[in-house]
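This briefing looks at how a protein chain surrounds its ligand. The sequence and structure come first, followed by the surroundings of the ligand and then the annotated domain.

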Amino acid sequence: MSYDMNNIFAKIIRGEIPSDKVYEDAHVLAFKDIRPQAKVHVLIIPKGPYISSQDFSEKASDVEIVAFNRAIAKVAKAAGVAVTGYRVIANTGPDGRPEVPHYHVHILGGQNMGRMVSLD
Ligand code: AMP
């Protein structure tokens, strides 16, 4: 699978469609999820063309990977959940069932997030 330059997050990075920005630096962009599933729901994406967590972890530079992980703490502070806590989710591959083929993590919080997953 090759990277789709026209996926919705690529368009957000290029400024072709708007986003409700929470944080940005040279390597990372974070914005509010358009269909929030918690009181706080922010997406963090690398600016580089990576499809998934697997793709990013295999191919991104050390600088990009460090910037991405540092951004998690910065976004949590900006979103007001650094102290109260939050859940980080990355849906990956056929079983993870991501909707958008550009690597992103979900930051979910602002409330008790309950059990991690249902195995029913
Ligand atoms: P995933 O299922 O892990 O791929 O999550 C993709 C997320 O992107 C979903 O939670 C969507 O609500 C969110 N999303 C889709 N389009 C947009 C958009 N234009 N702006 C913000 N969030 C979006």
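In this predicted model, the ligand is surrounded by 15 residues, of which the closest are Asp33, Asn91, Glu99, His104 and His106. By residue class, this shell divides into eight nonpolar, three polar and four charged residues.

**Polar contacts with the ligand**
- Asp33, one of the closest residues, places a polar side-chain atom 2.5 Å from an oxygen atom of the ligand.
- Glu99, also among the closest residues, approaches through its backbone, with an N or O atom that lies 2.6 Å from an oxygen atom of the ligand.
- Ile34 likewise takes part through its backbone, where a polar atom is 3.1 Å from a nitrogen atom of the ligand.

**Cover and pocket**
- On its own the ligand has 510 Å² of accessible area, and the protein covers 91% of this area.
- The space that the ligand takes up is the largest pocket.

**Elements around the ligand**
- Two elements, α1 (8–13) and β2 (28–32), give two or more residues each to the shell around the ligand.
- The element that gives the most to this shell is α1, which supplies three residues.

**Annotated domain**
- According to an unreviewed UniProt entry, residues 8–118 carry the annotation "domain: HIT".
- Over residues 8–118 the chain is 32% helix and 23% strand, while the C-alpha atoms at the two ends of the range are 29 Å apart.

Methods: Residues numbered from 1 in each chain as written. Predicted model: local features only at pLDDT ≥ 70, side-chain atom pairs only at ≥ 80, totals over all residues. Heavy atoms only, no water. Near = heavy atom within 4 Å. Polar contact = N/O pair within 3.5 Å; in protein donor to acceptor, adjacent residues only side chain to side chain. Areas by Shrake-Rupley, 256 points an atom, 1.4 Å probe, with all protein chains shown as cover. 1 Å grid on protein atoms, 1.4 Å probe; cavity = no way out; pocket = protein on both sides within 12 Å on 5 of 7 lines; lining within 4 Å. Sits in = over half its atoms within 2 Å of the grid points. Helix = DSSP H or I, 4+ residues; strand = E, 2+ residues; numbered from the N terminus. Nonpolar A, V, L, I, M, F, W, Y, C, P; charged D, E, K, R; others polar. UniProt positions renumbered as here; feature names shortened; annotations may be inferred.
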